[in-house]
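Trainee: Could we walk through this model together, piece by piece? I'd like to ask as we go.

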Amino acid sequence: MGAATGVTAVLLASLAILAPSARGLNRREFPPGFLFGASTSAYQVEGAYLEDGKGLNNWDVFIHTHSRDIADGRNGDVADDHYHRYMEDVDIMHNLGVNSYRFSISWARILPRGKFGGINSAGIAFYDHLIDALLQKGIEPFVTLHHFDLPYELETRYGSWLGAGIQCVPLICSTFDYSSTRFGFNLPCSNAREEFDHYADVCFQAFGDRVKFWTTFNEPNLFTKFAYMLGAYPPKRCSPPFGNCHSGNSQQEPYIAAHNILMSHAAAVDNYKKNYQAKQGGLIGIVISMKFYEPLTNNTEDIVAAQRALSFEIHWFLDPIFFGEYPKEMREMLSSNLPEFTPTKKMLLQNRVDFIGVNHYTAIYAKDCISSPCELNTYEGNALVFATGEKDGVRIGKPTALGGFYDVPEGMEQVVKYVNHRYENVPIYVTENGYSEYNNNNMEDMTNDTGRVNYLEGYLSCISSAIRGGAKVRGYFVWSLMDNFEWRFGFTVRFGLYHVDFVTQQRTPKKSAKWYLDFLTGSGPMGEVQTLRAYS
């Protein structure tokens, strides 16, 4: 504890000499009670992958058996070592001036073998301590239940989400690249929707007295594409023309998995609203990845393609939750490959979310691939859309380190207005928004992140404009609090407000951290007090 406090003092001194104040944007532009925070996820920051009773999760096994699929061949076994350094990280958040922290719970740390094993008391204790430390600093926990990781045993038992809510399908295990028998797992039949409902219930019981913001799933639309269409995420299933894996069916499995995730979400929401919400006083929602698509040309084909891309991106998950049906564009294209909702399932889905989480990073142009053939092994390929950042030789915005991601702040205003208009003005939390830079060995370059400062100021300004125009945005979370393990990109790209040396685990504030601090504490009725506290 003393060492962590000393490190924090050094970080604060560094913050004071970095960036100029955030003069172009004022916190007073945002409504009272607005949440300003930063985000992480369990696998990307925690480390301690086999400590204190935690079980293997799908990413633990996938990366150790498919290291060539990761840009630098590295893994998240240690990552940011947040499991051991969470108190230091809470101090960093407090001194940054955020009033909320979005993080995810590691399912395998709570239930190492899912429903058929016991609850790991050490896992419960870790999140208890983290939540209590946050609240002691006046930071609101904003908790995600599923951020791409689940106990590996459930992947072997159900093919991740392929068997959820339908029936037990252990036969899928024989088609995986890595065998469940390596780890000596038994495969008892069960319903994986019940698995998620049980996991969610354990979390509601353990933490719900203090957690007032829950999200069931993070970016299930993105996850299902990468896992079951493109084969880039575990369980690495795909088929041509979308990808080349040892097994899978890219024209069916993404929609089966998505359907099962939707019903798992619905069951957890139903349980929370019936059994916990009244006494615990919390809210529950879901987080969707949302690019905003503009037509590449004024041709009818591209205009329709942009709408089709939005349907396969946003409407795919939110339309069933709000309207009880998949969007008509998907039904027309996919026909019987898109599952149907029974009357019972529609009733379960009617427990609507209290808010929508929006993860938005970029806008991009959409080109039709029905009238003119395109390569389909891309993120938008299933919508028969080709996404491009260039139009007539001019980029849509400044490119970032991730291919296809650009600095287009106006897209943020468009996407939140679009979501509010389509989904009955339900409150929105921008749960992720951030700027990627390539990793390099020059510390000065890494901490002098002017591009990130410009990006954050631009996007927050557009959120402010959207709010003035009537959008019900209630919070904003930067991705990410600190550099971390970025899935298939490993440690080759950095999103953090804080630079992390992954050898020493030293956290160093970047110019963007100072900018965010100035924005959060340099104006508003509590600004002067918070600024003095930050520099003490």
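Trainee: Let's start with Asp91: buried or exposed?

Mentor: Keep in mind that this is a predicted model. Asp91 sits in helix 4, residues 82-96. Its relative accessibility is 14%, and buried means under 20%. So Asp91 counts as buried.

Trainee: How far apart in space are Asp91 and Leu134, C-alpha to C-alpha?

Mentor: In sequence, Asp91 and Leu134 are 43 residues apart. From C-alpha to C-alpha, the distance in space is 8.9 Å.

Trainee: Moving on to helix 6 and helix 8: how are they oriented to each other?

Mentor: Take helix 6 as residues 121-136 and helix 8 as residues 192-207; their axes come within 11 Å and cross at roughly 45°. The crossing is right-handed. An angle of that kind falls outside the parallel, antiparallel and perpendicular ranges, so helix 6 and helix 8 are oblique to each other.

Trainee: Which residues in helix 8 does helix 6 meet?

Mentor: On the helix 6 side you have Ile124, Tyr127, Asp128 and Ile131. By class, the contact of helix 6 with helix 8 has 6 nonpolar, no polar and 1 charged residues. The partners in helix 8 are Val202, Ala206 and Phe207.

Trainee: And helix 10 with helix 12: what is the handedness of that crossing?

Mentor: Helix 10 covers residues 253-275 and helix 12 covers residues 300-323. Their axes come within 10 Å and cross at roughly 40°, so helix 10 and helix 12 are oblique to each other. Helix 10 passes helix 12 in a crossing that is right-handed.

Trainee: How many nonpolar residues does the contact of helix 10 with helix 12 have?

Mentor: From helix 10 come Pro254, Tyr255, Ala258, Ile261, Leu262 and His265, and they meet Phe312, Trp316, Phe317, Pro320 and Ile321 in helix 12. Sorted by class, the contact of helix 10 with helix 12 has no charged residues and 1 polar. The nonpolar count is 10.

Trainee: Why is helix 3 largely enclosed, and what covers its buried residues?

Mentor: Helix 3 runs over residues 58-65, and 6 of its 8 residues are buried, so it is largely enclosed by the rest of the structure. The buried ones are Asn58, Trp59, Asp60, Val61, Phe62 and Ile63. What covers them includes helix 2 (42-45) and helix 7 (152-158).

Trainee: Now the barrel: in what order do its strands close?

Mentor: There are 8 strands, and the pairing is parallel. Strand 1 (residues 35-39) and strand 2 (residues 100-104), for instance, are joined by 3 bridges, and Ser39 stands opposite Arg102 in strand 2. Helix 15 (residues 410-422) packs on this sheet, touching strand 7, strand 14 and strand 16. The strand order is 1-2-3-4-5-7-14-16.

Trainee: Which are the edge strands of the open sheet?

Mentor: That sheet has 3 strands in the order 6-8-9, with mixed pairing. The edge strands pair on one side only, and they are strand 6 (292-295) and strand 9 (385-388).

Trainee: Which residue in strand 8 does Pro295 stand opposite?

Mentor: Strand 6 and strand 8 (residues 363-368) run parallel, joined by 4 bridges. Helix 15 lies across both, running at about 105° to strand 6. Opposite Pro295 in strand 8 stands Ala366.

Notes. Residues numbered from 1 in each chain as written. Predicted model: local features only at pLDDT ≥ 70, side-chain atom pairs only at ≥ 80, totals over all residues. Heavy atoms only, no water. Axes fitted to C-alpha atoms, helices over the stretch in contact; angles between N-to-C directions. Helix = DSSP H or I, 4+ residues; strand = E, 2+ residues; numbered from the N terminus. Parallel < 35°, antiparallel > 145°, perpendicular 65-115°, else oblique. Left-handed = near helix turned anticlockwise from the far one by under 90°. Contact = heavy atoms within 4.5 Å. Nonpolar A, V, L, I, M, F, W, Y, C, P; charged D, E, K, R; others polar. Pairing = 2+ DSSP bridges. Buried < 20%, exposed > 50% of the residue type's maximum accessible area, 1.4 Å probe, protein only.
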